[in-house]
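Open the model in your viewer and keep the selection panel handy. We will walk through it one interface at a time.

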Amino acid sequence: MMQYPAYIPEKRKGFSLDPRTKLLFMVLIATLMFVVYNNMPYICVLAGLPFLLLIVNGQKKTAVIYGSLFVLAVIANYIKDIATLPQLLNGIVVLLIALVLRLFPTFMMGYYIIKSTKADEFVSSMERWHVSKKVLIPIAVVFRFVPTMQEESQSITEAMRMRGIQFGTKKFWKSPGTILEYRLIPLLISVVKIGDELSAAALTRGLGNSVKRTNIAQIGFSKNDAIVLIISIFLLLWAFALGVMS
Amino acid sequence: MEKTNKLNSKDLINIGIYTAMYLVVFFVVGMMNAVPILYPISLFFVPIVTGIPFMLFATKVKKSGMVFIMALILGLFWFALGYTWTPLVSYIVAGILAEIFFKVAKFQNFKLIVMGYCVFSWGAIGCCMPMWVMTDTYMAHIEEEMGSQYVTQLMQYMPWWMGIAGLGIIFIGGLIGAALGKKMLKKHFKRAGIA
Amino acid sequence: MSGKVIIDDKDVTGQTIYDFNGKIGTVFQNPRSQFFNVDTTSEIAFGCENYGIEQQEILRRIGQAIGEMKIQNLMGRNLFALSGGEKQKVACASVSAMEPDIFILDEPSSNLDVATIWDLRQAIIGWKKKGKTILIAEHRLYYLMDVVDRIIILQNGQIERDIDAASFWKYDDTEVIHMGLRSRNPTVFQKIPSISQKKGVINIYDFSFAYDKKHSLLDIPMLSIPKGSIVAVLGHNGAGKTTFGKCLCGLLKGAKGTVEMDGVSYDTKERLKISYMVMQDVNHQLFTESVLDEILLSMSGEDEELDRNNAISILDSLNLEAFSEYHPMSLSGGQKQRVAIGSAIASAKSILLFDEPTSGLDYHHMLEVADNLQQLSNMGKTVFVITHDPELIGKCCNYFVFIENGKVKWSDGWNYISKQKLSEFFVPVDRNYEAT
């Protein structure tokens with residue numbers, strides 16, 4: 001029998017972070033957003049960091065969309081007292097500015113986390129935090145099933161188009177509620193069936209075994225995580241300084 | 001197979017599958033969230049539609065902890081997605097309350113399970129809370145800067161009792177959703193042999 | 001359940017799956033539902049990780065498994081982006097990496113194309129050489145005939161025969177067919193039904209589709225198909241057969257090209273009205289709560305009484321009348337497929353496309369599908385079948401389209417040359433493979 005060399009995992013490319021670092025950084029940003037709300041440079045820096053992470057991770061389009069909306073809100077925030085708008089419109093504009101300024105930093109960070117984190121890295125790093133299997137197995141399954149549902153949903157959409165089941169047709173107006181039923185029921189049935197087969201396959205490969213799991217995911221504290229740590233300390237100090245001043 | 005009340009791998013996989021369903025359905029219906037003015041409407045519709053996957057899930061729940069774990073994962077997910085830590089808190093609380101209802105229902109009593117679902121759906125309020133809290137603090141800041149006429153005006157759209165009204169809206173949506181879910185169970189899932 | 005299981009003189013009855021400690025590995029039929037992870041590398045490591053094997057040892061085993069399965073190029077990929085055959089290879093590798101003593105394979109070939117079946121065969125031969133016990137549940141026999149040592153035939157839950165491979169060879173073909181088994185030899189194409197009558201042609205012009213400018217997935221300047229024929233759409237996995245099918249049915253937004261039939265041209269959007277695809281996973285296209293409703297859904301709904309009568313006669317013709325009040329999802333796979341066919345007939349579509357209608361079917365059910373296709377063709381419908389099943393082709397197809405890299409390599413009716421080409425495609429010579 002032929003012997004093959006051991007597998008050498010590919011080195012992680014780009015600016016990769018340990019999933020734990022990402023989560024902790026999220027905690028930090030979310031908390032700071034609650035605490036610091038009247039210092040525009042600070043808010044801009046908070047938004048800039050996840051923006052950079054998105055760019056580095058290759059989500060340029062999303063980064064640009066979020067980024068430009070944020071910049072727009074910053075500009076609007078400065079000129080809002082110059083222009084006089086009708087009361088109601090003015091109210092809505094101020095509200096939107098508030099939402100964009102205060103929530104986009106965490107939204108950008110969230111998008112970065114979802115896009116950059118691989119299921120096995122996440123599960124392995126949470127195992128190091130001693131998070132229970134009872135939470136980690138379902139989370140791994142969620143990672144697996146969200147794309148499954150997209151895939152299944154795509155086929156069902158195609159099947160609906162072939163049958164002429166669509167918004168706006170004559171059949172649709174007869175009973176608009178049924179379109180939801182047609183959309184959802186085959187999808188759920190399909191996913192349940194896949195789930196049953198998946199359970200069988202996962203069990204035969206020892207999922208839920210009481211032995212302590214090992215893993216080959218490449219996680220751990222790296223130079224990149226250290227950079228984020230330094231930035232975090234800087235942000236905290238800055239926030240503290242702002243607090244003292246005001 | 002020995003019967004225990006401990007969660008086995010099959011249960012855990014089921015939690016994952018139904019959490020994924022709940023999330024996807026939530027997301028699709030919650031698209032309306034893109035426009036903040038529509039919050040009250042999506043608060044109403046989300047629990048109606050998620051009632052279908054949840055009531056299907058409820059037929060698989062026969063052990064303690066399943067509903068709570070689902071809530072916990074949802075909270076974690078919204079946290080990771082950037083909705084700050086308020087949904088994490090709200091889903092943990094909602095999950096514990098729902099778990100109590102399921103326990104008292106012995107996983108069978110339909111009325112109590114419906115209550116459990118409505119309470120579970122309350123977790124979603126945490127996704128809106130950052131908007132309220134954030135805009136609120138921002139308003140306070142504007143008030144300092146530019147006088148109170150802005151703020152009183154805005155408060156008409158974001159009154160403090162919106163939170164409680166939100167819970168009420170979710171509860172009614174939840175009742176309808178549970179009824180819809182039960183109807184679908186009878187109409188499709190039972191006859192298709194999967195519930 | 002009752003009974004006893006004895007492995008290595010030890011009674012293991014009543015042990016849980018974990019007690020076997022990874023000594024039994026299973027490959028399942030459906031490549032889409034048996035992977036747990038999102039990327040290939042974690043999937044192959046998954047079983048070993050669950051049994052707590054050391055990291056270095058896992059890496060060694062992964063290296064060995066991917067070498068044996070020849071899937072180095074698939075490492076680190078997203079499983080959702082792989083073809084069914086590739087997924088199945090990853091599944092084999094992930095079981096192989098657990099280094100079990102006993103392999104159980106549940107219809108492993110049913111979703112594979114010809115070339116991949118040969119790869120699977122090599123993997124089985126490799127395991128056998130290492131002294132593993134391999135149990136394979138399978139309808140397709142030809143690729144295993146010189147690999148297996150013992151054959152057990154089950155019928156109605158009982159062991160009908162338990163014989164060695166040599167004695168099985170002595171059975172004659174009719175007996176094998178009678179037991180519902182597929183051919184023991186690679187299919188030899190003999191007589192293929194000719195196209196019943198000249199009904200005109202369907203012309204396809206300028207089919208093209210690309211996700212981006214560089215990668216063209218489909219490029220067919222011109223293709224003529226006899227109307228009313230049963231067309232086998234052939235080619236390897238990833239050649240563009242499904243893309244062609246979706247384009248034909250008007251499901252690909254952004255696809256270019258027209259179909260001309262009876263002097264009328266149909267563009268992509270218009271083709272949705274004249275064509276229908278019966279999907280490989282037919283669960284996706286059944287929406288209602290009863291079989292009858294499913295047929296009615298495809299009808300105009302203007303005259304309910306008339307629709308109802310038509311629907312019932314369609315169900316009759318498909319042997320489904322007894323199931324008209326059943327929930328479609330509670331039916332068997334073959335019945336569901338017939339419901340989908342019924343809904344296509346009801347909507348008066350003239351082009352029907354089947355995506356792998358016989359994967360995982362035994363001989364009798366395969367014949368049933370062939371009959372259904374024949375019936376549709378007799379009704380004047382033009383039927384396209386994307387298939388890897390040579391026996392189905394031999395039973396009913398009378399026109400052939402071979403697709404490679406998104407282009408039509410050849411298309412022809414039944415004649416000496418096409419017979420030659422078909423045989424070459426379906427009976428690959430054991431190229432560069434180790435002999436048994």
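How much area is buried between chain A and chain C, and what part of it do carbon and sulfur atoms give? The area comes to about 5,700 Å², and carbon and sulfur atoms give 58% of it. Buried area here is the accessible area (1.4 Å probe) that two parts lose on being put together, summed over both.

Before going further, a word on conventions. This is a predicted model, in which local features need pLDDT of at least 70 and side-chain atom pairs count only at pLDDT 80 or more, while totals for chains, interfaces and linings use all residues. Residues are numbered from 1 along each chain as its sequence is written, chains are lettered from A and ligands numbered from 1 in the order in which they are written, and side-chain values use heavy atoms, with hydrogens and water left out.

**Stop 1: chain A against chain C**

Select the two chains and show their contacts (heavy atoms within 4.5 Å). You should find 56 residues of chain A touching 68 residues of chain C. Now pick out Met162(A), Arg163(A) and Arg205(A): they supply 17% of the area that chain A buries against chain C, more than any other three residues.

Next, look for salt bridges, meaning a side-chain nitrogen of Lys or Arg within 4 Å of a carboxyl oxygen of Asp or Glu. The rule finds five across this interface. One to zoom in on joins the side chains of Glu49(C) and Arg213(A), at 2.9 Å from N to O.

Then colour chain A by its helices (DSSP runs of H or I, at least four residues, numbered from the N terminus). On the side that touches chain C, α6, α7 (170–174) and α8 of chain A each supply at least two residues. The largest share, 17 residues, comes from α6(A). By residue type, that side divides into 30 nonpolar, 10 polar and 16 charged; Ala, Val, Leu, Ile, Met, Phe, Trp, Tyr, Cys and Pro count as nonpolar, Asp, Glu, Lys and Arg as charged, and the others, Gly among them, as polar.

**Stop 2: chain A against chain B**

Swap chain C for chain B. Here 58 residues of chain A are in contact with 57 residues of chain B. About 5,200 Å² is buried between these chains, 81% of it on carbon and sulfur atoms. On the chain A side, select Phe34(A), Leu95(A) and Lys134(A), which lose the most area to chain B and together make up 12% of what that side buries.

How many salt bridges does the rule find between chain A and chain B? There are two. Display Lys10(B) and Asp196(A), whose side chains meet in a salt bridge at 3.2 Å, N to O. The helices of chain A giving two or more residues to this side are α1 (19–35), α4 (87–116), α6 (133–163) and α8 (177–204). Highlight α4(A), the source of the largest share, 18 residues. This side divides into 39 nonpolar, 11 polar and eight charged residues.

**Stop 3: inside chain A**

Finally, hide the partners and colour chain A by domain, with bounds from an automatic or database domain assignment: domain 1 (19–117 + 220–245) and domain 2 (122–204). Their C-alpha centres lie 32 Å apart. Six residues of domain 1 are in contact with six of domain 2, and the area buried between these domains is about 570 Å². Select Arg20(A), Leu23(A) and Thr117(A) in domain 1: they lose the most area to domain 2, together 72% of what that side buries. The rule finds zero salt bridges between the two domains.
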